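Welcome, and please get your viewer ready for a short walk through this model. We will go from one selection to the next and say what is there at each stop.

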Amino acid sequence: MTKASFYILGEATHDARVGFAVKFVRQSWRKGLDVYCHVRDPDQAARLDEALWADTESFIPHAIETDRQPITGTVGIGWTDPTTRHGVFVNLADTLPEWFTHFDDVVEIVTQDPETLAATRENWKQLKFNGYPITQHDLRS
C-alpha cells in the first residue's frame, strides 16, 4: 500500500516549497530511489527544471517527461501518469491524481500560504479517508 508523508514548512512562499522539493529529490536520488515530481502543467515543470539545474550541492539528473514513457536513469518531472515508475511521487500539483497508487510513497510539501494549505489539507483528507498510512513531519521551528 502506498504510504504518504507530509512535510510541513513554516514558510509561505512558492520558492520555499520548490527549495524543499529540490533538497528532498537530491536526498532521494542519492539513496537510489526512483523519483517522479508531479506538477500542474508545463510552466510549473519548467520552473522545477530550472531549480534542479540551479542546485549547487550536486547534479541531479532529471528530465521533463511529456509522454507516458519515463526517461530512465533520471528524476522525472511531469503532469501525466508515468506508468512504469513506482518509487517516490513528489506532489507539487494541487490535487492527487487517481493513478498515484502505483507509487510506493507519496510526498506532500506543505507551506503556509492559503492556496497550498487548502490543497494539501484536501489531499490529507482524501488519503486518510481511503486508509493510507500518513506520516507528518513538522519542520516549523
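Is Ser5 buried or exposed? Select Ser5 to begin, keeping in mind that the model is predicted. Ser5 is buried, because its relative accessible area is 15% and the cut-off for buried is under 20%. You will find Ser5 in strand 1. Show its surroundings next: apart from neighbours within four places in sequence, Ser5 is in contact with Val106, Val107, Glu108, Thr135 and His137.

**The sheet**

Now colour the strands. Seven of them make up an open sheet with parallel pairing, and the order to follow across it is 3-4-2-5-6-1-7. At the edges you meet strand 3 (62–64) and strand 7 (134–138), each of which pairs on one side only. Averaged over the sheet and ignoring direction, neighbouring strands are turned by 20° against each other.

Let us walk through some of the pairings, starting with strand 3. Strand 3 and strand 4 are joined by three bridges in the parallel sense. Select Ala63 and look across to strand 4, where its bridge partner is Gly76.

Stay on strand 4 and show its side chains. Val75 and Ile77 lie on one side, Gly76 and Gly78 on the other, and all are buried, so both faces of this strand are covered.

Step over to strand 2. Strand 2 runs parallel to strand 4, with three bridges between them. To see this pairing, select His38, which stands opposite Gly78 in strand 4. Strand 2 is also covered on both faces: Val35 and Cys37 are buried on one side, and Tyr36 and His38 are buried on the other.

On to strand 5, which runs parallel to strand 2 and is joined to it by four bridges. Select Tyr36 and find its bridge partner Phe89 in strand 5. Keep Phe89 in mind, as we will come back to this residue.

For the last pairing, return to strand 1, where the tour began. Strand 1 and strand 6 pair over six bridges, again in the parallel sense. Pick Ala4 and its bridge partner in strand 6, Val106.

**Helices on the sheet**

Turn on the helices. Helix 2 (residues 42–53) packs on the sheet and touches strand 2 (35–38), strand 3 and strand 4 (75–78). The direction of helix 2 makes about 165° with that of strand 3. Then select helix 3, which also packs on the sheet and touches strand 1, strand 5, strand 6 and strand 7. Its direction makes about 150° with that of strand 6.

**Aromatic rings**

Next, show the side chains of Phe, Tyr and Trp. How many aromatic pairs does the count come to? The count is eleven, with ring centres within 6.5 Å as the rule for a pair.

Select Phe6 and Trp124 for one of them. The ring centres are 4.9 Å apart and the planes stand at 65°, so this pair is edge-to-face. Phe6 belongs to strand 1 (residues 3–8) and Trp124 to helix 3 (residues 114–129), so their pair ties together parts 118 residues apart in sequence. Phe6 counts as buried at 3% relative accessibility, whereas Trp124, at 28%, counts as partly exposed.

Now come back to Phe89, together with Phe103. These two form a tilted pair, with 5.0 Å from centre to centre and 55° between the planes. Phe89 is in strand 5 (residues 88–91) and Phe103 is in the loop between strand 5 and strand 6 (105–110), so this pair ties together parts 14 residues apart in sequence. Phe89 and Phe103 are both buried. Add Tyr36 and Trp99 to the selection, and you have a cluster of Tyr36, Phe89, Trp99 and Phe103 linked by ring pairs.

**A cavity to finish**

For the last stop, which residues line the largest cavity? Select His14, Val18, Gln44, Arg47, Leu48 and Leu92 to see its lining. The count comes to one cavity of 30 Å³ or more, and the volume of the largest is about 30 Å³. Helix 1 (14–30) and helix 2 each supply at least two residues of this lining. Helix 2 gives the most, with three residues.

Conventions. Residues numbered from 1 in each chain as written. Predicted model: local features only at pLDDT ≥ 70, side-chain atom pairs only at ≥ 80, totals over all residues. Heavy atoms only, no water. Phe/Tyr/Trp six-rings, centres within 6.5 Å; stacked < 30°, edge-to-face > 60°. Buried < 20%, exposed > 50% of the residue type's maximum accessible area, 1.4 Å probe, protein only. Pairing = 2+ DSSP bridges. Axes fitted to C-alpha atoms, helices over the stretch in contact; angles between N-to-C directions. Contact = heavy atoms within 4.5 Å. 1 Å grid on protein atoms, 1.4 Å probe; cavity = no way out; pocket = protein on both sides within 12 Å on 5 of 7 lines; lining within 4 Å. Points joined across faces, edges and corners; volume = space filled by probe spheres on them.
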